[in-house]
Structures are given as structure tokens and as C-alpha cells.
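Here's a small problem set to work through with the structure open beside you. Try each task before you read its solution.

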Amino acid sequence: MLRYFWVLFNAAIWTTVFGLSGILASIFESNKGRTLGHCARLWGKFILFFTGTRYSVKGLEKLDPDGCYIFAGNHASGYDIPLAFAGLPYWLISIAKIELKSVFILGWVMDTAGHIFVDRSRSESAIASLQESKLSLIKNPRSILLFPEGTRTVDGQLGLFKRGGLMLSIDTGLPIVPVAYVGTFEMLKKGARSVNSQHLEIRIGNPIYPESFQKDDKNKLAATVKEQVSKLLNEQ
């Protein structure tokens, strides 16, 4: 229980420190959001370091270090997010639930950084948000952190992959990179109030290029990405 509150304390402290620092620095930059992107990486690294969390990344050599991607992975724990920002060396923005926009400081930081908020309870609003984001990504390419399941798993099993966010690949030309976050479920399950010691790992698959799919291939695309994430999770 004490470690759980230590994790919450670190999340709050580093969100405030790096969030406000990034917002201040972004006032003076021409490419809005890039500084906050660097701050997000430091945010993830500091949370993992100060909570004593060891992690590794496997498969980065499959990617262009100067490229932009949609990183689509399983959502097993609250630890997936700091792990992704710490371990993926790209300018990342996330597709997040609209409720986060009203969270003190966090919502302000994410909005300023250009993260995409989606109202999952209203499909028309969600589609409009994704369309607006498509234009922004074409004009100012960045990588996207996406959890196609939409919410954290409650039993550790991979859930249904929703199609909306994945369709940004076809709309923008960004390749989809299947990602497996390993060990996060065992470390901090949804609803749990205890944090277990666990080595975490990010496993990166081969990019899936949108040229292989058409707009009518929504189900096929979602199934393909889920299959690749499942293979990564089951690697020995």
C-alpha cells in the first residue's frame, strides 16, 4: 500500500514539474508541443526511476529513428503510459479519454501539447476529434500513442481492438507499430491498491504500412494489429 501511494505521489509531482516547465518553455518555441514532448519522455523516465521500476525495450532497431508512427499496444495497467513515454524515443502524443481534459494540471498540459481527446460515449464527437487530429498530424507530423482496446484490461487478456484510432494510419499515411507492454498487469492491476516488483518490457513489432489497406478494411486492419500485439505478448 505504501508503494502505491509513493507511485501516486511521484506521478503528481513529476506531472506538475515537467508539465508546467514544458508549458513555460513552449511560449518561446515556434513548433508548439515539441518541448512538451521532450518533457513527457523525462516525465516517464523520472516516474519509473523514482519508483524503482526496471524496464527494457526490445525491437527499436526495426524503426526509423527519424520517422513518425502510430504505436498501438495492449492496455494492461496505469504503468503502460509512463513506460511508453520513457521507452519510445519519439515525439509522442496520445489519444486519451475526454475525462482527462478536466484533470487539474494534467488536462492543461495534455491540451497544450496537442494530445487528442476522444469522448467515447459519443461516437459522432469522437469521429470529429479524430478528423480534426488528422489535419493536424498531416501539417505537423508526430507519433501517436494508442491503446485500441480503449480501456485497461481487468483480467490480463487482450480485448477487442477498436477501429477509430487505427484508421488515422490510412488517413495520414503513418505506419502502425504493434507494441506489447509486458509485466505492467502483474505490477499494477486495474483497481488494485498495491504495486508489485516487476521488470517491465516494451516489445516492438514490425511496422504495418497503410498502403496495404483501404478505408473499407477497418475490421481487417484492427484484426491484423491485434494479432501482431498478441504474438509479441506471447513471445518467450
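Ile-13 is partly exposed, at 34% relative accessible area (buried is under 20%, exposed over 50%, partly exposed in between, with a 1.4 Å probe and protein chains only). Before going further, some ground rules: this is a predicted model, where local features need pLDDT of at least 70 and side-chain atom pairs pLDDT 80 or more, while totals for chains, interfaces and linings use all residues. Residues are numbered from 1 along each chain as its sequence is written, and side-chain values use heavy atoms, with hydrogens and water left out.

**Exercise 1. Find the nonpolar surface patch that Ile-13 belongs to, and say which elements build it.**

Step 1: place the residue. Ile-13 sits in helix α1; helices here are DSSP runs (H or I, at least four residues), strands are E runs of at least two, and both are numbered from the N terminus.

Step 2: collect its partners. The patch joins Ile-13 with Trp-6, Phe-9, Val-17, Phe-49 and Phe-50, and together they have about 590 Å² of accessible area. The rule for patches: residues with over 30% relative accessible area and no salt bridge, nonpolar side chains (Val, Leu, Ile, Met, Phe, Trp, Tyr) being joined within 5 Å and like charges within 9 Å. Areas are Shrake-Rupley values with a 1.4 Å probe, and for residues only the protein chains shown count as cover.

Step 3: assign the elements. α1 and α2 each give two or more residues, and α1 gives the most, with four.

**Exercise 2. Work out how the aromatic rings of Trp-14 and Phe-18 are arranged against Phe-46.**

Step 1: set the criteria. Rings of Phe, Tyr and Trp (its six-membered ring) pair if their centres lie within 6.5 Å; planes under 30 degrees apart are stacked, over 60 edge-to-face, and the rest tilted. A search of the whole structure turns up 13 such pairs.

Step 2: take Trp-14. Its pair with Phe-46 is edge-to-face, at 4.9 Å centre to centre with 70° between the planes. Trp-14 is in α1 and Phe-46 in α2, so this pair ties together parts 32 residues apart in sequence.

Step 3: check the cover. Trp-14 is buried at 15%, whereas Phe-46 is partly exposed at 28%.

Step 4: take Phe-18. Its ring centre is 5.0 Å from that of Phe-46 and the planes meet at 75°, so this pair is edge-to-face too. Phe-18 is also an α1 residue, so its pair with Phe-46 in α2 bridges 28 residues of sequence. Phe-18 counts as buried, at 12% relative accessibility.

Step 5: zoom out. Trp-14, Phe-18 and Phe-46 join Phe-49 and Phe-50 in one aromatic cluster.

**Exercise 3. Describe the nonpolar cores and what surrounds Phe-71 and Phe-161.**

Step 1: start with the largest core, which has 31 residues. A nonpolar core is a set of buried Ala, Val, Leu, Ile, Met, Phe, Trp, Tyr and Cys residues joined through side-chain atoms within 4.5 Å. Phe-71, Tyr-79, Leu-88 and Tyr-181 have the most contacts inside this core.

Step 2: list the contributors. α1 (2-26), α2 (34-50), α3 (80-87), β6 (176-182) and β7 (200-204) give two or more residues each, and α2 gives the most, with five.

Step 3: look around Phe-71. Skipping neighbours within four places in sequence, its contacts (heavy atoms within 4.5 Å) include Leu-63, Leu-88, Tyr-90, Ile-144 and Val-179.

Step 4: move to the second, separate core, with 22 residues, among them Ala-72, Leu-146, Phe-161 and Met-167. Phe-161 lies in the loop between β5 (143-146) and α6 (168-172), yet counts as buried at 4%. Among the residues Phe-161 touches beyond four places in sequence are Gly-73, Pro-148, Ala-222 and Val-229.

**Exercise 4. Which parts of the chain do the salt bridges of Glu-235 and Asp-171 link?**

Step 1: count. The whole structure has four salt bridges (a Lys or Arg side-chain nitrogen within 4 Å of an Asp or Glu carboxyl oxygen).

Step 2: take Glu-235. It pairs with Lys-58, the closest N and O atoms being 3.3 Å apart. Glu-235 is in the segment after α8 (218-233) and Lys-58 in strand β1 (residues 55-58), 177 residues apart.

Step 3: take Asp-171. Its closest N and O atoms with Lys-215 are 2.3 Å apart. Asp-171 belongs to helix α6 and Lys-215 to the loop between β7 and α8, 44 residues apart.
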